[in-house]
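Colleague: I would like to learn how to read a model of this kind feature by feature. Could you take me through the general idea each time and then turn to the case at hand?

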Amino acid sequence: MAEMQNSNPTILNAADLPTRLRPTTTRKSEYGGIFTSALPLAPVDFESPPSSDSEDDNLLEEPIDEQEIYDLISSISDPEHPISLGELAVVSLPDIMIKPTLPDVPDSPLQTVTVLITPTITHCSLATVIGLGVRVRLEQSLPSRFRMDVRIKEGTHSTGDEVNKQLADKERVAAALENGALMGVIAKMMETCH
Amino acid sequence: MSALQTFMLVVDHDKEEAKRIAEGSAHDIEIKKVTLLDTVQSLGEYINDEDPILRGKAISFLTAIIQALSPKYLSRQQIQVLTTFFCDRIEDGGAVDGLQALQGLDRFNKFLATQVAQALFSNFQDLQSRSQTQRFHVYELLNDLMSNHRGAMRDMGDISLLGVVDIMTGEKDPRNLMIVFSILKVVMVEWDISNHVETLFDSVYNYFPITFRPPPNDPYGITAQDLKGRLQECISSTRHFAPHSIPALLDKLDSTSPNVKKDALNALIACIHLYDPDTVSRYSITIWGVLKFEILNAQEEFLSEASLEALQAIAQRLSEGVTEVSQELPLAKYLQPITKECNEQLREPQNKKANPAQSILSCVSAASPVSFVLVVQTVVPPIFTLYQEADGIVKQRALLETLNVLFDSATTVFGQWTTRGGEAAIENPLLEFKDQFSDLFGQVLMGAAKEEVSFRVTALKGFLRLSTLRDYFQENEIGLFVQYLDEILLKEESVGRDDLKKEAIAALAEISKHKPRLIVDITFPAFVATLPEEDEGSDARYLPTLETLAQISVERDIFETLFRRLFSKLSVLLQKEEPGSVAYPRAILATLLYVMQQRNMEQDQSVDLYFDKVVVGLCRDVAASASGKTKNRILNDPTVLDTLGRLCNLLVRSVSIQKQEQVAENVYSLFSAAGDFVPLPFTQTREADRERTIIISTYLLAGLSKDYGNKIPHTDPDMAGLLLDLIYRCVLSTEPATHQAYLRHLALLVNKFLSKQDVPIAERLIDSLLEGENTELQSLSPPIIRTIFWLSKALILRLAPATTHILTSLLALLSSPDQETSATAAQGFSIILGEDDIISATNGATIRLLCRQRLFTTVIPLISTRIREVNIAGTDGSHPTPKAPDHIKPAHLTALAGILSTIPTALVMPELPTLLPLLLQSLDLQTADSVAVRTATLDTLAVIILDNGVTVIDRCGHVQSLVTRLLKTTSTNIGPGAVNSPRLRADALKCLNLLATHQVPGAASNAPPGISPLLPVKNQVLRSLRAVLDDPKRNVRKAAVDARAAWLRCVDDAPDEEE
């Protein structure tokens, strides 16, 4: 392995990363807490089990939001360290935007996801690889009505424009994905996705 | 032909015969028929033959005779003559074995041992050109000489040392090396090796690292690990090796192979443990210099762990015999560069390398009290300075975490309050900072902004460690911490996931083990004071308080207090005219139940007191309440009775024999006096309040030991009447809780207390219930069906003689033309083997091991056949059978799903070819009422795939059909009347995910051998899942993302060739 470019980056505490708070448990049963283990619900035979997903819940739609995008990409590992992009603050929740692709056509389902990447140091040559990794992960994980826009955050990289050009160029991305060695690196980065 | 000639003829092909011949000759010698001399002389014509094979056979004859002679037979002189004879011909086959036999004799002396050794060393210079077996025999002889005549060997000094090294040099066979290494280790430890250290070291180190891989089916069973172990023992055997071994091993850490590095580190650790402290000290700083890179730039976790272990081992060795702290100690010199480096890294405590620096401090400071003092002296003051200058909470928290690491080491070194013995002779250096710590951690815990949860949690954890650290805080200082925790739990609003409150409860529970008094004196009054007299509103604020109390009251003293306080609350409630919601008394009972479940009540000395108060006292109250003689209706509520019943059940199980007898007699009277309450059985009452007492009776009965069955009322001369009365009540009762209790009560009596010879009584009862069928419609009412199933459960679990007959009758119900009968019966099958809180092993129910197997093997073929009949009747027009009603197939599939959910997969696997088509048909069901069946089916499939991989499904030829059905189940848009609930969709995706990740049975594997059976469907799966990525439900999308990633990653046409 080549010499590391940034061997001692700052790391965020995993407990401080943004997470989706569980919807405050509406205490349907009286005992939501520890007593459920002591007191299993009164046994019910010969009746369909109390289904947790009632009709109302089933119809409630949960659209794809920024937190969901964050959850998809924050667990990707950095190619240099066995640490996640979230912990390294390479990706962060405020730097993810979802907007309608065609604002003038209100009925269009097309949406654009913008992800801004902040490399750990301004001359990181792996920024392209990270960008590509994020892009591949999103392409594998989002429905086809989403457009990806993965860019280096302005002012965080010495050759940001150059990298952005590569990431935005569909043909170059496609060519890169044909490259076995590069795909090997990206597959390794995505092993930690869960 | 002479014995010798016969021996030489057969020795090659018949070892047994050869042995017999030699034994005959030995016998002749022992009875003095021939002399030993004659026998030796008879060899004469062969032992000088040109042909070495012939010579070898002749010598072997002599060897075989010696081996057969009794150990006392040979005289000293004879041994001497024979030894010389063998030594002269040592290169001939059999001579080495002869010598081996001779050296084991008592009369073999030191002088002869030297002679043999010398003969070995001078004649086997070319040993490595001989066969493996020959070499093996030579090493064995040498090994025996080493163990039986070590003094003689050692007195040979350099001759034996060099001799051994010479003959083994170049040895490659693993079996031989195992012996060679153990011979060499003896030389290394016991000989004076000062002139030949390097020779000796090289002789073994040449083999490092061991790369041996045993061949498949290796008959000798020697593993690489065996060899590594022996080699490591040699390398670490003597401190004289240090100048060679330590630099060489450190060099090996430059290797690119993690395995080589691991071996080198393990050997290094062994050296540190076995060389003397002075030697270790000499190399300590060099070792640190190399290992720090392994830790700070960790490549593999196991390498950094081994490196940390080495660093700690050095600190431990250097602490040996040290009683006073001084900067002149070798230990201090060793720790100096370490703490310096760590301090350096900790300046930016939020950076990546701070973490390994913490680990280093953790392991060296935990090595010994002296080591801890030295580390604390240099590390703690700078942390305080850094903390003052820190520009943000992130950095401050990282610094607190470093302190927490040191507190852990302090706990290792000085123990906790509950640790017995082993007080350290040195004062805890943290005492100096006691007030500073208390202020700092207290201020962060209580003073930091409420939303800085992880910062406050870190402070809480540190405070807790200091509070449990032996002889550190005073009681009042820990008391202050307890007050902080109380305040957090009682006064603060919930934030986010409530991590802080969870930690606070855990901390109080931890302190309760060390300082129970503080909990009783401080926490209890504060918490109990917030409990209301009665539940007035709907907010149930008492629940979190009770939950907390439950979790901190497991210690004996605290539990007694808890019981007293809560029981008096409950008594007050029971006396009130308007006691508010029954949820409150129920929660109080649940709290007591929870804690009793955590404790071992049988060992509790106060169990009789609890028994009298709860079982006797409250049961009496229940009886009074049932007769309408109480001020309120708390004890008429079924949920309260259920909780109280569980509490009674637990206590009944824990009490003495006498009390059990008492319970048996009072199962129905509930300890009340004869006039006050009429026990339930055989009364005509239909009053709901009276009937509800069966809930308590059932729990009492469940806790009772089998042995007191005869004390239960109404069981003499047999139970027939009681059972009939209960069946009558099962069928007629309308309130669900009462109905459930009757069913279980009935099953309990039949399963646990009905004597073996009376089992037919119950079997007859089932038959008569089945006969009650309405002949016209072939229908039975649901309560009757339930009663039948519970009776069946009781009998099947004890494998009653009629088990098969019962099962066939139950299956017949599924084919009833009455839809309700069929559907109710279908749901009943999950009951038979289903877990139940009352009919359970804990309660001593009779559950035979083979009942699951019996049920499964009886029922599955019948269901399979029946479904096939139904399928054929539907499709084949020429077939005379009329088409069966539509509900019959789903009913059978529901029954199947119910059974599968209660059977371990190991039993399922042999039947998989029969079963899989049935499971696939279950997935074909589409309507809303089939959701439960499909969910159960997916659960079963998931377990099958998890345990056995794709191969079993491939072997049945169902991969394509399974995948297609799973994909169909993931879709939201499947036509009118069809429903895939979100849970179903997610479960189907989970199965798809498991297919890809478990292509090989057992472990998740990334590279399946050969071409994956999933490959033909890969594109279909990826295409279909793309649509599922847009599912309206988030957790379904998540499952789809994971499944898709798994298929992209794991389903490949060929295994990776690189690895």
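Modeller: We will go through confidence, chain A, the contact between the chains, and then some details of chain B.

Colleague: Where in chain A does pLDDT stay under 50?

Modeller: This is a predicted model, and where pLDDT is low, the predicted coordinates should not be read in detail. Chain A has a mean pLDDT of 80, with 79% of its residues at 70 or more. The value stays under 50 over residues 24–31 of chain A, where the model has seven contacts beyond four places in sequence, and also over residues 42–53 of chain A, where there are 17 such contacts.

Colleague: What pattern does chain A follow along the sequence?

Modeller: Chain A comes to seven helices and three strands, and they follow one another as α-α-α-β-β-α-β-α-α-α. Of its 194 residues, 28% are buried, and among the contacts in chain A with a separation of 6 or more, 66% join residues 24 or more positions apart. An unreviewed UniProt entry places the annotation "domain: MIP18 family-like" on residues 66–144 of chain A; that span is 30% helix and 15% strand, and its end C-alpha atoms lie 17 Å apart.

Colleague: How many residues of chain A are in contact with chain B?

Modeller: The size of an interface is often given as the accessible area lost when the parts come together, but here we can use a count of residues. In this model 39 residues of chain A are in contact with 44 residues of chain B. On the side of chain A, the elements giving two or more residues are helix 1 (35–38), helix 3 (66–74) and helix 4 (127–141), and the residues of that side divide into 20 nonpolar, eleven polar and eight charged.

Colleague: Turning to chain B, is Leu361(B) buried or exposed, and is Ser122(B) buried or exposed?

Modeller: Leu361(B), in helix 20 (residues 354–365) of chain B, is buried because 25 other C-beta atoms lie within 10 Å, and 20 or more is the cut-off for that class. Leaving aside residues up to four places away in sequence, Leu361(B) touches Cys342(B), Val375(B), Val379(B), Val405(B) and Leu406(B); the C-alpha atom of Leu406(B), 45 residues away along the chain, is separated from that of Leu361(B) by 7.4 Å. Ser122(B), in helix 8 (residues 110–123) of chain B, counts as exposed because it has 12 C-beta neighbours inside 10 Å.

Colleague: What span should helix 48 of chain B have?

Modeller: At 1.5 Å a residue, the 16 residues of helix 48 (residues 982–997) of chain B should span 22 Å, and the end C-alpha atoms are 22 Å apart, which agrees. Helix 48 of chain B is also mostly covered, with 15 of its 16 residues buried.

Colleague: Which residues of chain B are joined by a cis peptide bond, and which have a positive phi?

Modeller: Most residues other than glycine have a negative phi, and most peptide bonds are trans. A cis bond joins Phe208(B) and Pro209(B), with omega about -5 degrees, and another joins Asp716(B) and Pro717(B), with omega about 0 degrees. Phe682(B) has a positive phi of about 65 degrees and is partly exposed, with 13 other C-beta atoms within 10 Å. Leu799(B), whose phi is near 50 degrees, lies in the loop between helix 39 (782–797) and helix 40 (803–814) of chain B.

Note on methods:
Residues numbered from 1 in each chain as written. Chains lettered and ligands numbered in written order. Predicted model: local features only at pLDDT ≥ 70, side-chain atom pairs only at ≥ 80, totals over all residues. Helix = DSSP H or I, 4+ residues; strand = E, 2+ residues; numbered from the N terminus. Expected span 1.5 Å × (residues − 1). Contact = placed C-beta atoms within 7 Å. Nonpolar A, V, L, I, M, F, W, Y, C, P; charged D, E, K, R; others polar. UniProt positions renumbered as here; feature names shortened; annotations may be inferred. pLDDT = per-residue confidence, 0-100.
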